[in-house]
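This report describes charged side chains that pair and strands that form a sheet. Please keep the sequence and the structure at hand while reading.

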Amino acid sequence: MRVHVVSDVHGNSRDLAAAGTGADALVCLGDLVLFLDYADHSRGIFPDLFGVANADALVELRTARRFDEARALGRRLWGELDRTGAGREAVIESAVRRQYAELFAAFPTPTYATYGNVDMPRLWPEYAGPGTTVLDGQRVEIGGRVFGFVGGGLTTPMRTPYEISDEEYAAKIEAVGEVDVLCTHIPPDVPELCYDTVARRFERGSAALLHAIRATRPRYALFGHVHQPLARRVRIGGTECVNVGHFNATGTPYVLEW
């Protein structure tokens with residue numbers, strides 16, 4: 001059995017179309033939407049609306065953890081757009097819909113997918129075809145192994161679209177229970193898995209996920225979210241914890257075989 005796993009696709013539909021080649025199934029751990037590419041500030045919804053110079057400024061502020069100033073910049077830019085008569089939510093949703101139409105069309109059959117923190121879950125039912133199974137706080141058997149899926153991220157100053165409370169996230173982890181492969185968007189709360197060496201900050205990992213890994217001991221815990229982690233693999237007891245990679249940048253899936 002061969003399963004390919006991707007995360008943090010962020011608009012890379014070209015490579016996504018080939019990500020399932022040679023595999024029995026594709027697993028996607030979310031973040032399909034590209035709002036702003038930190039490696040190329042000309043790509044994404046934000047620069048399309050506000051230009052590269054403003055994207056440069058936003059990335060600089062966020063990287064320096066000057067979140068209040070970053071939000072102030074965003075409020076000013078969105079306010080200027082609102083004065084043109086274009087509603088913020090409608091503009092964003094229209095851009096996200098264009099990306100989702102292209103990305104979901106690229107998914108092979110079968111694909112098993114969960115949400116990332118920048119995704120808009122309420123739109124997924126409109127774009128997920130019959131070959132794509134969307135799971136969040138749920139389990140599925142793939143090739144004789146049980147996979148559990150938990151999507152989304154925890155609340156942060158970034159205020160991305162699908163952030164939830166620690167309690168809600170922990171409830172989804174508990175609902176999944178014991179599995180062979182635990183698939184999440186965010187990592188367990190392990191410092192070397194959570195630190196992004198390029199953004200120079202810790203992303204939020206889940207303490208509930210870490211507890212579940214220690215308690216239920218899945219064979220694998222697979223996740224993404226941190227684009228350039230200090231460590232890509234860490235072993236916790238009998239569990240291999242793996243960041244499957246920043247698919248937007250690499251275009252290469254992680255391969256799981258048994």
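The model discussed here is predicted. The side chain of Asp37 is buried or exposed? Asp37 is buried, since its relative accessible area is 6%, and buried here means under 20%. Its partner in a salt bridge is Arg43, with a distance of 2.6 Å from N to O. Arg43, by contrast, has a relative accessibility of 29% and counts as partly exposed.

**Salt bridges**

Side chains of opposite charge can pair when their charged atoms come close. Across the whole structure, a search finds 14 salt bridges. Three of them are listed below, each with the separation of nitrogen and oxygen.

| Acidic residue | Basic residue | N to O distance |
|---|---|---|
| Asp37 | Arg43 | 2.6 Å |
| Glu69 | Arg66 | 2.8 Å |
| Glu80 | Arg76 | 3.1 Å |

In the pair formed by Glu69 and Arg66, Glu69 is partly exposed with a relative accessible area of 41%. Arg66 is likewise partly exposed, at 34% relative accessibility.

The pair formed by Glu80 and Arg76 belongs to helix H4, which covers residues 67-82. Why are Glu80 and Arg76 separated by about one helical turn? The two residues are four places apart in helix H4, so about one turn of the helix lies between them. Glu80 is partly exposed at 36% relative accessibility, and Arg76 is partly exposed at 42%.

Some salt bridges share partners, and in this way Glu93, Arg97, Arg122 and Glu126 are joined into one network. Within this network, Glu93 is located in helix H5, residues 88-106. The side chains of Glu93 and Arg122 are also joined by a polar contact of 2.4 Å. When residues up to four places away in sequence are not counted, Glu93 touches Arg122 and Leu123.

**The sheet**

Strands of a sheet pair through backbone hydrogen bonds, either parallel or antiparallel. In this model, six strands make an open sheet with mixed pairing, in the order E5-E6-E9-E12-E14-E13. Which strands stand at the edges? They are E5 (138-142) and E13 (233-236); each has a single partner strand, so one side of each is left without a neighbour in the sheet. From one strand to the next, the twist averages 20 degrees.

At one edge, E13 pairs with strand E14 (residues 239-243) in the antiparallel sense, over four bridges. Within this pairing, Val234 has Cys241 of E14 as its bridge partner.

A helix also lies across part of the sheet: H7, residues 166-176, crosses E5, strand E6 (145-150) and strand E9 (181-184). Helix H7 runs at about 170 degrees to E6.

**A buried residue in strand E9**

Val181 is placed in strand E9. With a relative accessibility of 0%, Val181 counts as buried. Which residues is Val181 in contact with, leaving aside its neighbours within four places in sequence? The contacts of Val181 are Val146, Phe147, Gly148, Tyr220, Leu222 and Leu256. His227 lies 46 residues from Val181 in sequence, and their C-alpha atoms are 21 Å apart in space.

Methods
Residues are numbered from 1 along each chain as its sequence is written. This is a predicted model: local features need pLDDT of at least 70, side-chain atom pairs count only at pLDDT 80 or more; totals for chains, interfaces and linings use all residues. Side-chain values use heavy atoms; hydrogens and water are left out. A salt bridge is a side-chain nitrogen of Lys or Arg within 4 Å of a carboxyl oxygen of Asp or Glu. Buried means under 20% relative accessible area, exposed over 50%, partly exposed in between (1.4 Å probe, protein chains only). A polar contact is a pair of N or O atoms within 3.5 Å; within protein, one must be able to donate a hydrogen and the other to accept it, and residues adjacent in sequence count only if both atoms are side-chain atoms. Contact means heavy atoms within 4.5 Å. Two strands pair if DSSP finds at least two bridges between them. Axes are lines fitted to C-alpha atoms, for helices over the stretch in contact, and angles run from 0 to 180 degrees between N-to-C directions.
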